[in-house]
Amino acid sequence: MEVEEMVRNKGARLASLAAVGVLAFGALAACGGSDSDGGSDGGSGDAAAKGKVGVILPDTTTSPRWEANDRPSLEAAFKAAGVESIIDNAGGDKAKFGQICDSMINEKVTVIMIVNLDSESGKACLSKAADAGVQSIDYDRLTLGGGASYYVSFDNVEVGKLMGTGITKCLDDAGKTKANIVYVNGDPSDNNAALFKSGYEEALKPKIDSGDYTLVGDQSGFWDATKAGTAYEQMYTQNKGKIDGVVSANDTMAGGIIARMKDNGTAGEVPVTGQDASTEGLQNVLAGYQCGTVYKNTNLEAKTASDLAIALISGDKDAAAALATGSVKDSETGKDVPSALATPVWVTKDSVQTVIDDGFAKAADICVDEFAKACTTAGIK
C-alpha cells in the first residue's frame with residue numbers, strides 16, 4: 001500500500017489542540033445508554049448549532065475502542081454542544097455501512113462523519129454525501145480518494161514511532177542489544193495500518209541498518225486476534241523459536257499473540273507492543289506479557305471532531321481553519337486534506353494509572369481475576 005506523506009508540525013498540533021480550548025484528558029463525561037448498533041440523539045446546550053451530525057463507526061471487533069470509548073466520547077461532546085447526532089455502527093458489514101450512509105443522508109444530516117471499513121466503501125459514502133450537499137469528516141481513518149472536507153485523527157505515524165521506540169526500550173531493559181524482531185501489522189485495507197508501519201519502520205531503521213536488530217518476519221494480523229496469533233506462530237516456527245521482540249500494531253492482535261506465547265512458554269519473556277490502551281491491553285501490560293500500549297485519548301479526538309462539525313454546521317470557516325491546522329496528503333488524489341491531529345502517548349506498567357485517572361479505563365474492569373495481584377503491585381486504584 002502506498003503510504004501517504006504526512007505534514008507533522010509539532011507546533012501546529014499544539015495550536016490545533018489549543019484552539020479547541022482546554023482539552024484536558026477525561027474532561028468529557030461518558031454518556032451511555034444507547035444501543036451499540038442504534039442511533040443516539042444529542043441534547044440541547046447553551047449555544048446549540050442548527051443542524052444534525054451523522055456518525056458511522058466501523059465495527060465492534062477490530063478494537064473495543066469504537067463502542068467503549070469513541071461512541072460515549074462523541075455522544076458527550078455533541079450533547080454538551082447542543083448538537084443533534086445519530087451514531088450508528090456498521091458491524092464490519094460494508095453493505096450495512098452503505099445502508100447507514102444512505103439513511104443518514106435521507107435524514108438530512110448537515111455533516112457526516114465516518115470511520116471507513118475500507119477506502120472503496122468509504123469513498124462511495126462520501127461521494128453520495130457530496131452530491132447531496134452534505135459536508136464530511138473522515139474520523140480516525142483517512143478515506144483514500146474520498147475527498148472528505150476534513151480529517152480528524154491522531155498523528156498515526158507518531159503512533160507507529162512510539163511502538164518502535166517502545167520495543168527498543170523494552171529490549172534494552174531486558175539486556176538484549178542484539179535481537180530478532182517481527183512485525184504483525186494491521187489490515188492492509190486500512191490506511192492507518194500503513195501509517196503505523198511507516199512509523200515503526202522509521203523508528204527501528206537505525207537498529208536494523210546497524211545489524212543490532214534483524215527483521216525475521218513481517219505479516220498482517222488484519223486487526224484480528226486469531227489471525228495475528230496464527231501469523232506469529234508461523235513466524236515462530238519458521239525461526240525455530242528465535243524471536244526476541246514483536247511489534248504488534250494493536251492490543252487486540254497482541255492478545256492473540258500472547259495467547260500463543262503462553263502455549264509455547266515464552267509469555268512475559270518476549271516483549272510485545274500494542275495500541276488502544278484497551279482493558280485487555282492494560283491487563284497484559286500490568287501482568288508483564290505486553291511491554292506497552294499506545295494510548296489515544298478519544299476525548300481529545302471526539303471533542304475536536306465535535307467542534308469541527310459545529311463550525312461546519314454554522315458555516316464558520318475561520319473556526320474550522322483554526323482547528324484543522326495540519327494536513328495529510330491523500331496518496332490517491334495527491335491533495336492535502338485539512339487535518340486536526342492529536343498526540344498519542346506510550347503507556348507502560350508505570351503509567352497505567354494515568355489512563356485510569358483520565359477516565360478512559362476503569363480499575364474495576366482491569367483488576368479482576370489473575371490481574372488483581374498485578375494491579376496491587378503496581379499501585380492501581
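**Exercise 1. The second largest pocket**

What is the volume of the second largest pocket? Describe the residues that line this pocket.

*Solution.*
Step 1. The model is a predicted one. In this model, the volume of the second largest pocket is about 370 Å³.

Step 2. Its lining consists of 18 residues, and those nearest the centre are C170, D173, G288, Q290 and C291.

Step 3. Sorted by class, the lining comprises 8 nonpolar, 5 polar and 5 charged residues.

Step 4. The helix that gives the most to this lining is α5 (residues 156-173), with 4 residues.

Step 5. Two of the cysteines nearest the centre can be classified by accessibility, where buried means under 20% relative accessible area. C170 has a relative accessibility of 14% and therefore counts as buried. C291, at 13%, counts as buried as well.

**Exercise 2. The disulfides**

Determine how many disulfides the structure holds, and describe the geometry and surroundings of each.

*Solution.*
Step 1. There are 2 disulfides in the structure. In general, such a link is a covalent bond between the sulfur atoms of two cysteines.

Step 2. One disulfide joins C101 and C125, with 2.2 Å between the sulfur atoms. The torsion about its S-S bond is about 90°, so this disulfide is right-handed. C101 belongs to helix α3 (residues 94-106) and C125 to helix α4 (residues 119-131); the pair therefore ties together parts that lie 24 residues apart in sequence. Both C101 and C125 are buried.

Step 3. The other disulfide joins C367 and C375, whose sulfur atoms are 2.1 Å apart. Here the value about the S-S bond is -90°, and the link is left-handed.

Step 4. To classify C367 and C375, note that partly exposed residues fall between the limits of 20% and 50%. C367 has a relative accessible area of 23%, so C367 is partly exposed. C375 has a relative accessibility of 2%, so C375 counts as buried.

Step 5. When the bonded cysteines of the protein chain are numbered in sequence order, the pairing reads 1-2, 3-4.

**Exercise 3. The two sides of helix α3**

Check the length of α3 against the expected span, and find where its buried residues lie around the axis.

*Solution.*
Step 1. The helix has 13 residues, and the expected span is 1.5 Å times one less than the number of residues. This gives 18 Å for α3, and the end C-alpha atoms are 18 Å apart, so the two values agree.

Step 2. The buried residues of α3 are F97, I100, C101, M104 and I105. They cover an arc of only 130° around the axis and therefore lie on the same side of α3.

Step 3. A general rule helps in reading this pattern: an α-helix has 3.6 residues a turn, so residues three or four places apart point the same way.

Step 4. On the face turned away from the buried side, α3 carries the exposed residues Q99 and N106.

**Exercise 4. The largest cavity**

State how many cavities of 30 Å³ or more are present, and describe the lining of the largest cavity.

*Solution.*
Step 1. The structure holds 2 cavities of 30 Å³ or more. The largest cavity has a volume of about 120 Å³.

Step 2. This cavity is lined by 14 residues, of which W66, R141, F196, W223 and D276 are the closest to its centre.

Step 3. Helices α2 (65-81) and α6 (191-210) each contribute at least two residues to the lining.

Step 4. By class, the lining of the largest cavity contains 3 nonpolar, 5 polar and 6 charged residues.

How values were computed: Residues numbered from 1 in each chain as written. Predicted model: local features only at pLDDT ≥ 70, side-chain atom pairs only at ≥ 80, totals over all residues. Heavy atoms only, no water. Disulfide = S-S within 2.5 Å. Buried < 20%, exposed > 50% of the residue type's maximum accessible area, 1.4 Å probe, protein only. 1 Å grid on protein atoms, 1.4 Å probe; cavity = no way out; pocket = protein on both sides within 12 Å on 5 of 7 lines; lining within 4 Å. Points joined across faces, edges and corners; volume = space filled by probe spheres on them. Nonpolar A, V, L, I, M, F, W, Y, C, P; charged D, E, K, R; others polar. Arc of directions from axis to C-beta.
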